[in-house]
Amino acid sequence: MITTKQRAYLRGLGNALDPVAQIGKEGLTENALTGINLLLEARELVKIKVLKNCDEDTKTLANEIAARLGADIVQVIGYICILYKKSTRKDFKHIQLP
């Protein structure tokens with residue numbers, strides 16, 4: 001679990017990111033979940049866009065992804081959510097949280 005100060009720091013970093021994953025009308029599939037997990041492992045901070053034709057709410061999807069992958073929700077605004085998960089890779093420059 002991240003603190004409020006850490007969440008604010010990550011939100012600032014996340015604002016500059018472009019969405020790297022999309023969830024469409026099929027909702028959260030196993031393939032999408034696997035892809036998001038790989039992105040989190042490679043980047044630690046990921047911005048996801050939920051397309052307008054998706055039947056599920058963005059906040060609901062973000063909660064489900066975070067619960068299934070062990071990630072933290074940084075921000076949910078409109079159709080965009082930002083997730084954080086510390087990477088287990090050793091050859092990677094990790095985000096230093098305050």
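Contact here means heavy atoms within 4.5 Å of each other, and that is the sense in which one element of this predicted model is said to lie across another.

Start with the sheet. It is open, has 4 strands with mixed pairing, and follows the order E1-E2-E4-E3. Strand E1 (21-23) and E3 sit at the edges, each pairing on one side only. On average, neighbouring strands are turned by 25° against each other, ignoring direction.

Two helices come up against this sheet. Helix H3 (residues 58-69) lies across E1, E2, E3 and E4, and runs at about 170° to E3. Helix H2 (residues 30-43) lies across E1, strand E2 (45-50) and E4, with an angle of about 150° to E2.

At the E3 edge there is a hairpin to look at. Strand E3 (residues 72-77) pairs with strand E4 (residues 80-84) in the antiparallel sense, over 5 bridges. Within this pairing, glutamine 75 has isoleucine 82 in E4 as its bridge partner, while isoleucine 77 stands opposite isoleucine 80. The hairpin has 2 residues between the strands, and glycine 78 takes a positive phi near 60° there.

Back in H3, asparagine 63 is a handy residue to pick out. Is it buried, exposed or something in between? Its relative accessibility is 40%, and since partly exposed covers the range between under 20% and over 50%, asparagine 63 counts as partly exposed. Its C-alpha atom is separated by 10.0 Å from that of valine 76, with the two residues 13 apart along the chain.

How values were computed:
Residues are numbered from 1 along each chain as its sequence is written. This is a predicted model: local features need pLDDT of at least 70, side-chain atom pairs count only at pLDDT 80 or more; totals for chains, interfaces and linings use all residues. Side-chain values use heavy atoms; hydrogens and water are left out. Two strands pair if DSSP finds at least two bridges between them. Buried means under 20% relative accessible area, exposed over 50%, partly exposed in between (1.4 Å probe, protein chains only). Axes are lines fitted to C-alpha atoms, for helices over the stretch in contact, and angles run from 0 to 180 degrees between N-to-C directions.
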